[in-house]
Amino acid sequence: MRYVLIGCGRISPNHIAAAKNNGLEITAVCDTDPACMADKALKFKLGDEVKQYTDYIEMIEKEKPELAAVCTESGKHAEIALNCIERGIHCIIEKPIALSIKDADAIISASIKHHVKVSACHQNRFNKSVQIIREAIDMHRFGKLFYGTAHIRWCRDHEYYDRAAWRGTWEQDGGALMNQCIHNIDLLRWMMGGEIEEVVGMTDRLNHGYIEAEDLGIALIKFKNGSYGIVEGTTDIYPKNLEETLYIFGEKGTVKAGGQSVNVIEEWRFSDLLDDPEEVKARFHENPPNVYGYGHTPLYADVINAIKHDRQPYITAMDGKKALELVLAIYKSAAEGRSVKLPLTECATADFSGRFKS
């Protein structure tokens, strides 16, 4: 299957590795910075047969790929994905799938119209720890769900933002919740039933006066099934990343997943006693080298299989929209000082430009 990568920045090594691990034919890579492409080509020994482009339109028209990964700055995800979809190219879109409800809807509509598969790259859903929790949810082992919490306690310093001018901007990125925390926010929504009634949020910029968006976000979520959610996300932790944890509490079960990217089962308690908690903790424990985890390779395998068998990917464009919608709802609630009902029909990160003026 002919594959191209659009965007050779921080996350691109995970995509290249996943493409190679799944036997994709990497035909070309694209980035506006030739040095980025050269660096990745050298690191992954891509060879002269893998062409390098600075114009992704030229690349997809010449190379005619079957599958493209969109890994640019967030604000360009929708435009690039739509140009690919309209040419019949299947897409894996890095998180967030877009920065507005309008653009997310356009991606979903275009994928249906042009009969292509689109997957939002929320790769942590493939973590072993996350999969066993989801299995327990599907088996109704928790009984009635009470509430769940997502904690993302990370560090991002001045150097991180200096490496890319788009980071922390409302037009191209958003803040901690949209960039760093959206993976765990996606997991919380997915585990707790998905459909949300209302959101109350507060955000602030406490320690990064050189960016436009927030570095702290806290939210309360009321789900339509009667359960609740709590989000705490920040990039203010000193001096380095502390943890990313997900708790699920129900009448018959308590679970905690932690580690760098919710890849370790730390608590596993169920009234049904179907399994040994210590054995579960030992089996569903991964130690990835960074917060991106090991999920890209199985995500790619799923998308390839979805294309071959004409089915929807495990993580769809709609899933990507739902994660985006929840972050935007938190932003909207914080900006307007009120609870926000879902679904959102219109909202974008750009709506909050000027929110934290110096």
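How many bridges join strand β4 to β5, and in which sense do the two strands run? Strand β4 (residues 67–70) is joined to β5 by 4 bridges, and the two run parallel. The structure is a predicted model. This briefing describes its strands and sheets, the helices that lie across them, its nonpolar cores and its salt bridges.

**Strand β5 and its partners**

- Strand β5 covers residues 90–94, and 5 of its 5 residues are buried.
- In a regular strand the side chains alternate between the two faces of the sheet.
- His90, Ile92 and Glu94 point one way from β5, while Cys91 and Ile93 point the other way.
- On the β4 side, Leu67 stands opposite His90 of β5. Between these two strands the chain passes through helix α4 (residues 77–85), and this β-α-β crossover is right-handed.
- Strand β6 (residues 118–121) also runs parallel to β5, to which it is joined by 4 bridges. Here Glu94 stands opposite Cys121 in β6.
- Helix α5 (residues 101–113) forms a right-handed β-α-β unit together with β5 and β6.

**The eight-stranded open sheet**

- An open sheet of mixed pairing is formed by 8 strands, in the order β13-β12-β11-β7-β10-β9-β8-β14.
- The edges are held by β13 (264–270) and β14 (340–341); each has a single partner strand, so one side of each is left without a neighbour in the sheet.
- Strands of a sheet pair through backbone hydrogen bonds, either parallel or antiparallel.
- Strands β7 (residues 145–153) and β10 (residues 228–234) pair in the parallel sense over 7 bridges. Within this pairing, His151 has Glu232 of β10 as its bridge partner.
- Strands β8 and β9 run antiparallel and are joined by 8 bridges. Val200 has Leu220 in β9 as its bridge partner.
- Strand β8 is also joined to β14, by 2 bridges, and these strands run antiparallel. The bridge partner of Val199 in β14 is Val340.

**Helices lying across the strands**

- Helix α9 (residues 182–191) lies across β7, β8 (196–204), β9 (216–223), β10 and β11 (243–250). Its direction is at about 10 degrees to β11.
- Helix α12 (residues 317–336) lies across β8, β9 and β14, and runs at about 60 degrees to β8.

**Nonpolar cores**

- The largest nonpolar core has 83 residues. Ile107, Ile133, Ile248, Trp268 and Leu328 are the residues with the most contacts inside this core.
- Helix α12 gives the most to this core, contributing 9 residues.
- Leaving aside its neighbours within four places in sequence, Leu328 is in contact with nine listed residues, among them Leu99, Ile101, Met178, Leu344 and Phe352.
- A second, separate core of 28 residues includes Ile11, Ala41, Leu67 and Cys121.

**Salt bridges**

- The whole structure contains 28 salt bridges.
- Arg2 and Glu63 meet through their side chains in a salt bridge, at 3.4 Å from N to O. Arg2 lies in strand β1 (residues 2–6) and Glu63 in helix α3 (residues 56–63), so the pair ties together parts that are 61 residues apart in sequence.
- Arg2 counts as partly exposed because its relative accessibility is 26%, whereas Glu63 is buried, with a relative accessible area of 7%.
- Arg153 forms a salt bridge with Glu243, and their closest N and O atoms are 2.5 Å apart. Arg153 belongs to strand β7 and Glu243 to strand β11, so this pair ties together parts that are 90 residues apart in sequence.
- Glu243 has a relative accessible area of 19% and is therefore buried, since the cut-off for buried is under 20%.
- Lys332 and Glu336 form a salt bridge through their side chains, at 3.0 Å from N to O. Both residues lie in helix α12, 4 residues apart, about one turn of the helix.
- Glu336 counts as partly exposed, at 40% relative accessibility.
- Salt bridges that share partners join Arg2, Glu25, Lys51 and Glu63 into one network.

Key. Residues numbered from 1 in each chain as written. Predicted model: local features only at pLDDT ≥ 70, side-chain atom pairs only at ≥ 80, totals over all residues. Heavy atoms only, no water. Pairing = 2+ DSSP bridges. Contact = heavy atoms within 4.5 Å. Axes fitted to C-alpha atoms, helices over the stretch in contact; angles between N-to-C directions. Buried < 20%, exposed > 50% of the residue type's maximum accessible area, 1.4 Å probe, protein only. Right-handed = clockwise from strand over helix to strand, strands pointing away. Core = buried A, V, L, I, M, F, W, Y, C linked by side-chain atoms within 4.5 Å. Salt bridge = Lys/Arg side-chain N within 4 Å of Asp/Glu carboxyl O.
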